[in-house]
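Trainee: I would like to learn how to read pockets, cavities and a helix in a model. Could we take them in turn?

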Amino acid sequence: MSVTAIAPADVLRQVRRIEVRTRRLVDSRFAGEYRSLFKGQGMEFAEVREYQPGDEVRSIDWNVSARMGKPFVKRYVEERELTVMLAVDLSGSARFGTRARFKHDLAIELAGVLSLAAVRNNDRVGLMLFSDQVEHALPARKSRKHALRLIRDLLSVQPKGRGTSFTVAVDRLMRLLPHRSVVFLASDFIAADVEKPLARLAQRHDVIAVTLEDPAERVLPNVGAARLEDPETGEVVEIDTSHPAVRSAFAQRIAADDEARRKLFGRLGLDEIIVHTEHGYVDALLAFFRARSRRPHGAVRTGPRGAMGDAALAVESRAVPRR
């Protein structure tokens, strides 16, 4: 879906508000964390200089040394330029919330922080919005202006689809990203076609799953007889939310879904950041940056109140409490 050429005044005000709020976070809390976390994609030649005791012998440039009559070594610096892609789920279930914001609003602010952190470090950042179709794609570029355009698009795009297709999303990401990139994939991961497309994406790129949650999806409200509608399919069911068997079945289903997702991410080696409409994203994102920078191996899993351990341990047979 295309975005209007001129954003309405209220959208521009929202962009400005998000920029001010997220820029303050980037400047005060995320500046060093982001830069220290993501390494460059290789090493870039910088210069040759005269050999000094302690230099690696294998770095000697023998051609220059022969011409100069004394040993010289090549010096390399790490390439800092990265491509960061923000892929955000706009399906019906992701545009839901019962607290101060929807899950989609949470993803917008988190994307704002990441986009501003990326351009501040001279990295490219892009955006893809998807449901059961690709709703919008913005190629990765640099500059603050581009980051603000990205935030504007997040606020402006109204999705046509209601369902979720990770196959469609990954197909487009693989075309958008010819080289290894960092992909933040924000979704509630409520979909059937998850494992194969995520495995395909993770083979080429550094994938970080950002799981969006809301309390009403975690604990069934005890309101007696209720009519519930699936936000993606429109299917309506009537249940008695006060019945012990119904409440028990709901809790077991949530625990089983949590465990299945955790095991899946563990098998694929995906990092996971769990963000919650009630607790926000700041603590979880900070904990992720810090936990990942010091991990010896495996994938990092962080939640709304901080570090939650290593996702590589997801093969445990029990569901791990997260609240």
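Trainee: Which element gives the most to the lining of the largest pocket?

Mentor: Start with the elements behind the lining residues. In this predicted model, helix 8 contributes the most to the lining of the largest pocket, supplying 10 residues. Strand 7 (206-213), helix 7 (215-218), strand 8 (225-229), strand 9 (236-240) and helix 8 (244-268) each provide at least two lining residues.

Trainee: What volume does the largest pocket have, and which residues lie nearest its centre?

Mentor: Its volume is about 1500 Å³. The lining comprises 40 residues, and those nearest the centre are Ile190, Glu217, Phe250, Ile254 and Asp257.

Trainee: How do the residues of that lining divide into nonpolar, polar and charged?

Mentor: The lining of the largest pocket has 22 nonpolar residues, four polar and 14 charged.

Trainee: What is the volume of the second largest pocket, and which residues are closest to its centre?

Mentor: Read it by the same steps. The second largest pocket has a volume of about 210 Å³. It is lined by 14 residues, with Thr83, Arg124, Pro178, His179 and Ser181 closest to the centre. Strand 3 and strand 5 (134-141) each give at least two residues to this lining, which divides into seven nonpolar, four polar and three charged.

Trainee: Now the cavities. How many of 30 Å³ or more does the structure hold?

Mentor: A cavity differs from a pocket in that the probe fits but cannot get out. There are two cavities of 30 Å³ or more, and the largest has a volume of about 40 Å³. Its lining consists of Leu86, Ala87, Val88, Leu110, Ala111, Leu114, Phe184, Leu185, Ala186 and Val210. Strand 3 (83-89), helix 3 (103-120) and strand 6 (182-187) are the elements that give two or more residues to that lining.

Trainee: How do the residues of the lining of the largest cavity divide by class?

Mentor: The 10 residues are nonpolar, with no polar and no charged ones.

Trainee: Last, a helix. What span should helix 4 have, and how far apart are its end C-alpha atoms?

Mentor: Compare the expected span with the end-to-end distance. Helix 4 (residues 144-156) has 13 residues, so at 1.5 Å a residue it should span 18 Å; the end C-alpha atoms are 18 Å apart, which agrees.

Trainee: Why is helix 4 described as largely enclosed by the rest of the structure?

Mentor: Count the buried residues, taking buried as under 20% relative accessible area. In helix 4, 10 of the 13 residues are buried, so the helix is largely enclosed by the rest of the structure. Among them are His146, Arg152 and Asp153, as well as Leu148 and Ile151.

Terms used. Residues are numbered from 1 along each chain as its sequence is written. This is a predicted model: local features need pLDDT of at least 70, side-chain atom pairs count only at pLDDT 80 or more; totals for chains, interfaces and linings use all residues. Side-chain values use heavy atoms; hydrogens and water are left out. On a 1 Å grid over the protein atoms alone, a cavity is a set of points where a 1.4 Å probe fits but cannot get out, and a pocket is an open set with protein on both sides within 12 Å along at least five of seven lines; lining residues have an atom within 4 Å of a point. Grid points are joined across faces, edges and corners, and a volume is the space filled by probe spheres set on the points. Helices (H or I, at least four residues) and strands (E, at least two) are DSSP runs, numbered from the N terminus. Ala, Val, Leu, Ile, Met, Phe, Trp, Tyr, Cys and Pro count as nonpolar, Asp, Glu, Lys and Arg as charged, and the others, Gly among them, as polar. The expected span of a helix is 1.5 Å times one less than its number of residues. Buried means under 20% relative accessible area, exposed over 50%, partly exposed in between (1.4 Å probe, protein chains only).
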